[in-house]
Amino acid sequence: VAQIHPIRCRAAVCRKPGEPLVIEEIIVAPPMPREVRIRIICTSLCQSDITFWKLKDPPGIVPRILGHEAFGVVESVGKDVYEVKEGDSVIPIFMPDCAECADCLSKKSNLCSKFPFKIAPGMPRCGTSRFTDLNGEVLHHLLFVSSFSEYTVVDIANILKVDPTIPPNRACLLSCGVATGVGAAWRTANVEKGSTVAIFGLGSIGLAVAEGARICGASRIIGIDVNPDKFEAAKKFGVTEFVNSRSLGDKSLSEVIKEMTNGGADYCFECVGAASLVQEAFSCCRQGWGKAIVLGVDKPGAILSLSSSDMLFHGKSLMGSLYGGLKPKSDIPTLLKWYTDKKLELDKFVTHEVGFEDINEAFKMLIEGKCLRCVIWM
Ligand code: CXF
Ligand code: ZN
């Protein structure tokens, strides 16, 4: 077996939280056992990249390489990798799927217990980094992926082999955001035909929930946002009605939703990341079977306060949905099939595409709310 060498390539490094990424030459170490080194073909930008880019406190450790939605080609494999080989098309997925722990073997969980989901700083198996800069300083990873680099190293537990004919700028969307929203409707909530769904926040995740709910056959999909301009675009994703949460008159949001739905929606999805909005979503749920699903990420330690009698007397439930409850290795192939069957419309999520050198432009556009998904080509 030929010796695998370190690679020198370009990466966009986050040197200081909240400051423009610096495109520089870095060194990417060879993959260790059960790891794969991949050449990133394209990557897209997720709101979490912005969140972690700004973060000063741990896990906001710098310098590091952000990025976690991507499509790539295997460049080399470490020892004991049998699942993929050089030249295979893959998508990295930030949620490990080891295929052997109790969680990975269960249909009910997507939270691998052998390699627990972690934001930073290194690889899942040993916690160390595969990146250094030209001065020998360690560059940390993000979410086991770090795709803002021409080459990255990813554990086999975080790699999904995909059909090489799938367009890279569509496949990458299933690495995180779009899959999360669609999965939340399909897997976490299990939205049935004829349901009424309320979606709080019409960014990419909220629109992906709408897409998933539409695919599941929901009849009413109510979109809620502070920005009424979002409604026109949201119609393309299956949103049927719009509520502007900034102009409710003297009513509360839950009063408005309950009036519209004759007592509450069957499924309410919080896609913003505010504990207070989770409470609102919970109270918008219909009694008996209403479910509120939490997708947004609030500040670490944010506390929810819910009425326990509302829980008990009204039979509602509250669910968390990391990666939409999807099991990477079994569910993503289904979403890819939906895409080739033209059931899942990925195209409409990609509003912008830029070259790697313009990655900071992509950050700016997402922060200003000007785009859904911006694909960055390496
Ligand atoms: C997120 C999900 C919630 C925790 C942080 C990472 N995933 C990807 O964007
Ligand atoms: Zn993400």
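Buried means under 20% relative accessible area. The exercises below apply this cut-off and others to a predicted model.

**Exercise 1.** Decide whether His68 and Cys46 are buried or exposed.

*Solution.* Start with His68, whose relative accessible area is 1%; since buried means under 20%, His68 is buried. Then take Cys46, which has a relative accessible area of 5% and is therefore buried as well.

**Exercise 2.** Identify the protein atoms that coordinate the zinc ion (ligand 2), and determine the arrangement of its donors.

*Solution.* First, list the coordinating residues: Cys46 through SG, His68 through NE2 and Cys176 through SG, at 2.0 to 2.2 Å. Next, place them along the chain, where the donors follow the spacing C-x21-H-x107-C; Cys46 lies in the loop between strand E3 (35-44) and helix H1 (47-54), while His68, 22 residues apart from Cys46, lies in the loop between H1 and strand E4 (69-77). Finally, examine the angles: the four donor atoms around the zinc ion subtend 96 to 127°, and because four donors count as tetrahedral if all angles lie between 85 and 135 degrees, the arrangement is tetrahedral.

**Exercise 3.** Find which zinc-coordinating residues are also around ligand 1, and describe the polar contacts of ligand 1 with Ser48 and His68.

*Solution.* The residues around ligand 1 include Cys46, His68 and Cys176, each of which coordinates the zinc ion (ligand 2); Ser48, Phe94 and Leu322 are also among the residues around ligand 1. As for polar contacts, an oxygen atom of ligand 1 is 2.5 Å from an N or O atom in the Ser48 side chain, and an oxygen atom of ligand 1 is 3.1 Å from an N or O atom in the side chain of His68.

Key:
Residues are numbered from 1 along each chain as its sequence is written. Chains are lettered from A and ligands numbered from 1 in the order in which they are written. This is a predicted model: local features need pLDDT of at least 70, side-chain atom pairs count only at pLDDT 80 or more; totals for chains, interfaces and linings use all residues. Side-chain values use heavy atoms; hydrogens and water are left out. Donors are N, O and S atoms within 2.8 Å of the metal (3.2 Å for Na, K and Ca); water is not among the atoms, so sites may look incomplete. Four donors count as tetrahedral if all angles lie between 85 and 135 degrees; four count as square planar and six as octahedral if opposite donors are over 155 degrees apart and all others between 65 and 115; anything else is irregular. Helices (H or I, at least four residues) and strands (E, at least two) are DSSP runs, numbered from the N terminus. Buried means under 20% relative accessible area, exposed over 50%, partly exposed in between (1.4 Å probe, protein chains only). A residue is near a molecule or strand if one of its heavy atoms lies within 4 Å of it. A polar contact is a pair of N or O atoms within 3.5 Å; within protein, one must be able to donate a hydrogen and the other to accept it, and residues adjacent in sequence count only if both atoms are side-chain atoms.
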